[in-house]
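Hi everyone, thanks for making time. I'd like to walk you through one model today, so please have the viewer open and follow along.

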Amino acid sequence: MKQLLTKRKLIFQISLAFVALIVIMLACSLIGTQHISIKSVFAHSSASNSINPDYEIFMHVRLPRIILACIVGAALAGSGVVFQVLLRNPLADPYILGISSGAGLGSIIAVISGFSWTLWGRSPIAVFAFIGAIGTIWLVWFIGRLTGKSNVTGLLLAGVVVNAFFSAVIMLLISVTQSSKVYSTIFWLMGNISEEDIFVLWMGAGFIIAGTIALFYISPQLNAISFGIDDARSMGINTSRVQLVAFAIAALITSIAVCLSGLIGFVGLIVPHGVRLVFGPDHRQLLPLSSITGAIFLVIADTLARTIIAPAQLPVGVITAVVGGPFFLLLLIKSAHKTSWFNR
Amino acid sequence: MNIIEVQNLSFRYSKAEVLRNISFEVKTGTFLAVVGPNGAGKSTLLNLLSATLKPAAGTVKIDGKKIGSYSTKELAGKIAVVRQETIPIFGFSVIETVMMSRTNHYGQLGFEKEADRQIVIEALKVTDTTRFSSRSLANLSAGERQRVFIARALAQDTPILLLDEPTSFLDLKHQVEIYDLLKVTQNRQGKTIVAVTHDINLAAQYCDSILLMTSEGNFTYGIAEDVLSEKQITEVFGVRVFAGKVKQQHFFIPLGKFAKDGGKTIDTQDQTPM
């Protein structure tokens, strides 16, 4: 029975991954245009009222940004795992069911309407992107349900059609408005990690951690659902409830990630695959390890994005695609040599 | 006692009526084969018996209670299902797959208990799958994989086992192995087994009773000797068969246009006992 995942093994793996994440977060927070060291950050200056610039950079510039990358990476990788199993499609990513175009449409509408308020530190662009993302995925789910309760193909097709339709509406809006702000919106949508205030971080982190823990609790059921809805049902799984809960949580944490950082591709696709290839498909293990790996991946990608052409910055989405694309192809070719696709 | 009772069961897919007024009862511990031509509604019947489909009319009772009144979890304690060629999208190992049938019994944090482990070890042993229990499902032969899914159904620990064409992709040896395995679980554990099959000969050899369905929605139900006759089979399947009997064992060979003697002169008297 040693082939089976045990509680002790899982706790050990999660702790190890967590330690790796903390070390990488610390290391990355020291890298940047201004070189700082742990020692200087926490060194007490003899004059107690003077400001330690290294401490300021660490606490107010680097750390918030790294925490943001961390929670967004975790959210995308975690929901990537869920979408892949729910849609029974290894090519699914968190944006597959229309979240990308919905978020795009939302933010373009925000720009055109010229709103200038902020909500909990978020710009109208981010707020509307969130509403657009959540609204679109609800719409896709609703249309998918009309084609049948366990019809995964119907859901996927609904996603494709809604995506195409909203993309067309976005193009239409862009061409009629000709606002210069549209370009900055598109740039924002391409995926950006930037300095955030602590309150926004706490809130985002709270939702995403709670969501990931909730998903962990239904991960044995997700294992059964990998065999198809009928099979899972005859094993006694309440599939409609599990699907609804998993879908709602994954959609929510993805939309929160979009609201915080725009659309960052590839994390939600390649991280689950990479973790699955190494550790196997058991969701009790796959879900927490993917979330932590996603966090590590995005922290590193963002560090590259802000240092490669420093002092200028690249959108992090560019890095994840440039690094993630070839890596994914490598995995694909490697796994094609085995008897079955995405077999570990 | 009748563990499965089917009364006036009907089902239709939008316009096409598949089942019409089917009624039969299955005694506890019986091995029932459901046979019939393609499109006769065999798989539909299986899906109705496992509550995957809801009947248009009529009732299915399991253990005296209407199937619709069971929760998904309760029903999974009564009926385990082996479907045709299920392959998961991800490469779960054999033991992970078999353990999955215990999901409902998992303890805190979603891990199996010692009792679940014992049941799974036993199911692996009975199905002779222990030696490849750590291999991935995708790397098994069709016969091995079918045994794994039977192991999973056995580990679900239910009084009823439903199987949809359990031997359709298997060679002769593996077909017999699967039926031997089913017979053993019927005899040892007293399970009630309902298997949809195309193989009339294996059904005649192993099953206590036969439900012969026709594409017109009619059916014949009874013990194998009564239901499976040359006349019935020729009528229902629309093909001539050579029916014989060797040492109490009935067998049927379909005869096509190009059968050795031109398919014309075969007579059941021609057989030479082996």
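I'll go through a helix, the core, a hairpin and the contact between the chains. Please keep in mind that this is a predicted model.

Let's start with helix α4 of chain A, residues 99–113. How far apart are its end C-alpha atoms? They are 21 Å apart, and that agrees with expectation, because 15 residues at 1.5 Å a residue should span 21 Å. For those checking the arithmetic, the expected span is 1.5 Å times one less than the number of residues.

Is α4(A) mostly covered or mostly open? It is mostly covered, with twelve of its 15 residues buried. In the early part of the helix, the buried residues include A:Ile99, A:Ser100, A:Ser101 and A:Gly102. Further along, A:Ile108, A:Ala110 and A:Val111 are among the buried ones too. The cover over these residues includes α5, α6, α7 and α11 of chain A. Just after α4(A) comes A:Gly114, with a positive phi near 70°.

Now to the core. The largest nonpolar core has 169 residues, and those with the most contacts inside it come from both chains: A:Cys70 and A:Val72, together with B:Val98, B:Ala203 and B:Ile210. Which element supplies the largest share of this core? That is helix α3 of chain A, residues 53–86, with 16 residues. If you click on A:Cys70 and set aside its neighbours within four places in sequence, you'll find it in contact with A:Met25, A:Ala295, A:Leu298 and A:Val299.

Over in chain B, have a look at strands β11, residues 240–246, and β12, residues 249–255. They pair in the antiparallel sense over seven bridges. Following the register, B:Lys245 has B:His250 as its bridge partner, and B:Val246 stands opposite B:Gln249. The two strands form a hairpin with two residues between them. In that turn, B:Lys247 has a positive phi of about 45°.

Last stop: the place where the chains meet. The contact takes 32 residues from chain A and 34 residues from chain B. On the chain A side, the elements giving two or more residues are α9 (219–225) and α10 (229–234). Of the elements there, α9(A) gives the most, with five residues. And what is the chemical make-up of that side? Its residues divide into eleven nonpolar, twelve polar and nine charged.

That's my tour, and I'm happy to go back to any part of it.

Methods
Residues numbered from 1 in each chain as written. Chains lettered and ligands numbered in written order. Predicted model: local features only at pLDDT ≥ 70, side-chain atom pairs only at ≥ 80, totals over all residues. Core = buried A, V, L, I, M, F, W, Y, C linked by C-beta atoms within 7 Å. Buried ≥ 20, exposed ≤ 12 C-beta atoms within 10 Å, placed from the backbone. Helix = DSSP H or I, 4+ residues; strand = E, 2+ residues; numbered from the N terminus. Contact = placed C-beta atoms within 7 Å. Pairing = 2+ DSSP bridges. Nonpolar A, V, L, I, M, F, W, Y, C, P; charged D, E, K, R; others polar.
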